[in-house]
Amino acid sequence: MTTWTAGYVADIGYTHGFYRELTPALLNFVMLTRGQRGPDLDGRAAYCELGCGQGVSTNLLAAANPNVDFHATDFNPAQIAGARALAAEAGTPNVHFYDHSFSELLHEPALPTAFDVIALHGIYSWISPENRAHIVEFLRRRLKPGGIVYISYNTLPGWAAAMPLRRLLTDHAGTRTGPIIPRIDEAVAFAESMREAKASYFTQNPALAPRFEKMKGLPRSYLAHEYFNRDWTPFYVADVAAELAEAKLSYVGSAALLEGVDAINLNAEQQAILKACPDPVRRETLRDYMVNQQFRRDVYVKGALPHTVPSSRAIWTHLRFALSTPRADVALKVQGSLGEAQLQEEVYRPILDVLAKGPATVQAIFADPSVKALDWGKLMEAFGILVGSGHVQPCPSPKDEAARAKRTKAFNAAVTKRAEATEELQFLASPVTGSGVPADRMAQLFLAAQGSGADPVQRAWAVLQAQGQRLVKDGKPLDGDEANLADLRERYDTFVKTRLPVFRQLGIA
């Protein structure tokens, strides 16, 4: 008998992560870097997330983009109940959650007629062919012409060597009954015993060792959803493109912007092979072979509409960017498939120095004397790399920033309130970027104390004490009030010098 879970792990919740690639402003930036027009997401727009998990991304993005109506579904009612609770605590009016299957969502009368953006993070590889067909039909019927789709999935050929490992784990877990976490632990231990016994699969695939070691240390809630669902299919990019073509979608590019920078990922011979390939999807397939791609984060569009040179220049000129990493922490180097690459100091340092003063448009940045000498093409390339590396974020229009600030303040208050009891939520919402900003529990406790006028160090220690918790330093718990308060004071001083200025520029503090 088929159950509502459809073979998907349901007895342990998904992680409470935020996924930056789902951000409306970032998705439109990806379109711009590929010379394509994106939907108008600064006006009234509609956004749908399929398979939203705990709903953290949807909740945060709804607070940070109050002009967009967000709708999201997940089959797990416990996760939807949690998502709705967070929305209620934050008082976010423009977000709506459903515990529908993909086929049921297609007929939900409360949905808008069509969406500007539909996002699927970590769904497509973990569902049945039948459910993938429901998704494609949903995209076909519910995405506006000119609308965009974000989709991520496990990829071949990068997963080819590890597919037998996944089968080994799930087969062993299937020989046991009971809760999933003990079965995962037993399966991992069994795989370790096979490796220690020098099974040829392990000895003849040396690249498995670092993957397996990393896997052993991952949270079991993540492993449950990554490895132990009944349905699990890695795809060649060409096969996904073919399925999405049934919904009239065409491939635009990767939301992981650094992966599209040939200079840091491909040698000269590889670049020559790709240059000779006229078909964009086949080109991506060949690229995946060259870098042994394991996971893709792609953007598709329903009805590609290329920019003209003047229209592209106009968008670029008025586009605003914000620095989301402390300036001193931005290293002038990036990591690609070929290894670490050094960035040109004369190009990147002036841009970063301008942004260190606060968010700015490209026009304002280009007017700075230290940037004026840069070539326009190099400037655009630099922003693609800075955004791809996560140090800089594209921003929505500043005209609605006051409305965004009102909603993000309420959302962040709800998140920092939860930090008194748990560390599961690790992001706050920025009205400047319309996106999430990493903020661990301690940063949240410091911010909440500052907002209330309390001493941040004393307040943070009071919260930890009430739960019988102590700080850990050099792998050892600290004893006594004095040692814990001293360590908290050091952490707070570092927070004030590094993170707090960034939070202020991003409208969080």
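**Close-up views of a predicted model**

**View 1. Threonine 23 and the residues around it.** Setting aside anything within four places in sequence, threonine 23 touches Phe18, Leu61, Thr433, Gly434 and Ser435 in this predicted model. You'll find threonine 23 in the segment before α1 (24–33). Its relative accessibility comes out at 2%, so threonine 23 counts as buried, the cut-off for that being under 20%. There's a polar partner to look for as well: a polar atom of the threonine 23 side chain sits 2.8 Å from the backbone oxygen of arginine 20.

**View 2. An open sheet of 3 strands.** Read across the sheet and the order is β11-β8-β12, with antiparallel pairing. The edges belong to β11 (360–361) and β12 (392–395); each has a single partner strand, so one side of each has no neighbour in the sheet.

**View 3. Where β8 meets β12.** Strand β8 (residues 320–323) and β12 run antiparallel, joined by 4 bridges. To find your way along the pair, start from arginine 320, whose bridge partner in β12 is cysteine 395. Then look for alanine 322, which stands opposite glutamine 393 in β12. The residues of β12 point in two directions: Val392 and Pro394 go one way, Gln393 and Cys395 the other, and all are buried.

**View 4. The largest pocket.** Rolling a probe the size of a water molecule over the atoms shows where empty space is left. Here the largest pocket has a volume of about 770 Å³. Its lining is made up of 33 residues, and those nearest the centre are Asn154, Trp159, Tyr222, Gln294 and Phe295. Which elements give two or more residues to the lining of the largest pocket? They are α9 (208–216), α10 (220–227), β6 (250–254), α14 (280–291) and β7 (295–301). If you care about the chemistry of the wall, the lining of the largest pocket splits by class into 13 nonpolar, 11 polar and 9 charged residues.

**View 5. Threonine 308 in its loop.** Threonine 308 belongs to the loop between β7 and α15 (309–318). Is threonine 308 buried or partly exposed? At 41% relative accessibility, threonine 308 counts as partly exposed, a class that runs between 20% and 50%. Keep arginine 37 in the frame too: C-alpha to C-alpha, threonine 308 and arginine 37 are 9.4 Å apart in space, although 271 residues apart in sequence.

Notes: Residues numbered from 1 in each chain as written. Predicted model: local features only at pLDDT ≥ 70, side-chain atom pairs only at ≥ 80, totals over all residues. Heavy atoms only, no water. Buried < 20%, exposed > 50% of the residue type's maximum accessible area, 1.4 Å probe, protein only. Polar contact = N/O pair within 3.5 Å; in protein donor to acceptor, adjacent residues only side chain to side chain. Contact = heavy atoms within 4.5 Å. Pairing = 2+ DSSP bridges. 1 Å grid on protein atoms, 1.4 Å probe; cavity = no way out; pocket = protein on both sides within 12 Å on 5 of 7 lines; lining within 4 Å. Points joined across faces, edges and corners; volume = space filled by probe spheres on them. Nonpolar A, V, L, I, M, F, W, Y, C, P; charged D, E, K, R; others polar.
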